[in-house]
Amino acid sequence: MYDVLIIGGGVSGVSCALLLGSAKNKVFASDKKIGIIAHQKASSLQNGIYNNVYGIPAGKLGSELLTESLSHLSEQYPHVEQIFNEKVLKINF
């Protein structure tokens, strides 16, 4: 059971995971179990080539950014559990 389960390993999902990971010691995130279902087959970022984005080397592929972001997440915030090879089929409330 997770306190926060992020569905999707695209730009928004990974950004959310990085933000919550960096907030580990903040009141709203402390002692919370955080997971991200990182099954990402398609993302608008994945098909891009970035030449004029602050802090990103020219010619960087979007697919590389996604891979590097997940690596960064696991290295810097290992308390955010990355879940691979799973796919969400239904959400019940």
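In this predicted model, strand β2, which covers residues 34-37, runs parallel to β5, and four bridges join the two. One of the residues involved is Ile34, whose bridge partner in β5 is Val80. On the β1 side the story is much alike: β1 and β2 also pair in the parallel sense, again over four bridges. Here Ile7 stands opposite Ile37 of β2. To get from β1 to β2, the chain passes through α1, and this β-α-β crossover is right-handed.

Put together, these pairings give an open sheet of three strands, in the order β1-β2-β5, with parallel pairing. The edges are taken by β1 (4-7) and β5 (80-83), each of which pairs on one side only. From one strand to the next, the twist averages 20°. As background, strands of a sheet pair through backbone hydrogen bonds, and the pairing can be either parallel or antiparallel. Helix α1, made up of residues 11-22, lies across β1, β2 and β5. Its direction is at about 155° to β1.

Next comes a closer look at one residue of an edge strand. Gln82 sits in strand β5. Is Gln82 buried or exposed? With a relative accessible area of 18%, Gln82 counts as buried, because the cut-off for that label is under 20%. And what does the side chain of Gln82 find there? One of its polar atoms lies 3.0 Å from the backbone oxygen of Leu70. Setting aside neighbours within four places in sequence, Gln82 is in contact with Ile36, Leu70, Leu73 and Ser74. Leu70 therefore turns up twice for Gln82, once in the list of contacts and once through its backbone oxygen, so the cut-off of 3.5 Å for a polar contact is worth knowing here.

Away from the strands, two residues have an unusual backbone angle. Most residues other than glycine have a negative phi. Asp31, though, has a positive phi of about 60° and is not a glycine. Asp31 belongs to the loop between α1 and β2. Its relative accessibility is 78%, so Asp31 counts as exposed, the cut-off being over 50%. How far is Asp31 from Gln46 in space? The C-alpha atoms of Asp31 and Gln46 are 33 Å apart, while 15 residues separate the pair in sequence.

The other case is Asn85, also not a glycine, where phi has a positive value near 60°. Asn85 is found in the segment after β5. Like Asp31, which is exposed, Asn85 is exposed too, with a relative accessible area of 73%.

Finally, there is the matter of charged side chains. How many salt bridges does the structure hold? The count is one. The salt bridge is formed by the side chains of Lys60 and Glu68, with 2.7 Å from N to O. The two partners do not share a label when it comes to accessibility. Lys60 has a relative accessible area of 15% and is buried, because that value is under 20%. Glu68, at 38%, counts as partly exposed, because that value falls between the 20% and 50% cut-offs. In short, the salt bridge links Lys60 to Glu68, with Lys60 buried and Glu68 partly exposed.

Notes:
Residues are numbered from 1 along each chain as its sequence is written. This is a predicted model: local features need pLDDT of at least 70, side-chain atom pairs count only at pLDDT 80 or more; totals for chains, interfaces and linings use all residues. Side-chain values use heavy atoms; hydrogens and water are left out. Two strands pair if DSSP finds at least two bridges between them. Axes are lines fitted to C-alpha atoms, for helices over the stretch in contact, and angles run from 0 to 180 degrees between N-to-C directions. Contact means heavy atoms within 4.5 Å. Buried means under 20% relative accessible area, exposed over 50%, partly exposed in between (1.4 Å probe, protein chains only). A polar contact is a pair of N or O atoms within 3.5 Å; within protein, one must be able to donate a hydrogen and the other to accept it, and residues adjacent in sequence count only if both atoms are side-chain atoms. A crossover is right-handed if, with the strands pointing away from the viewer, the path from the first strand over the helix to the second runs clockwise. A salt bridge is a side-chain nitrogen of Lys or Arg within 4 Å of a carboxyl oxygen of Asp or Glu.
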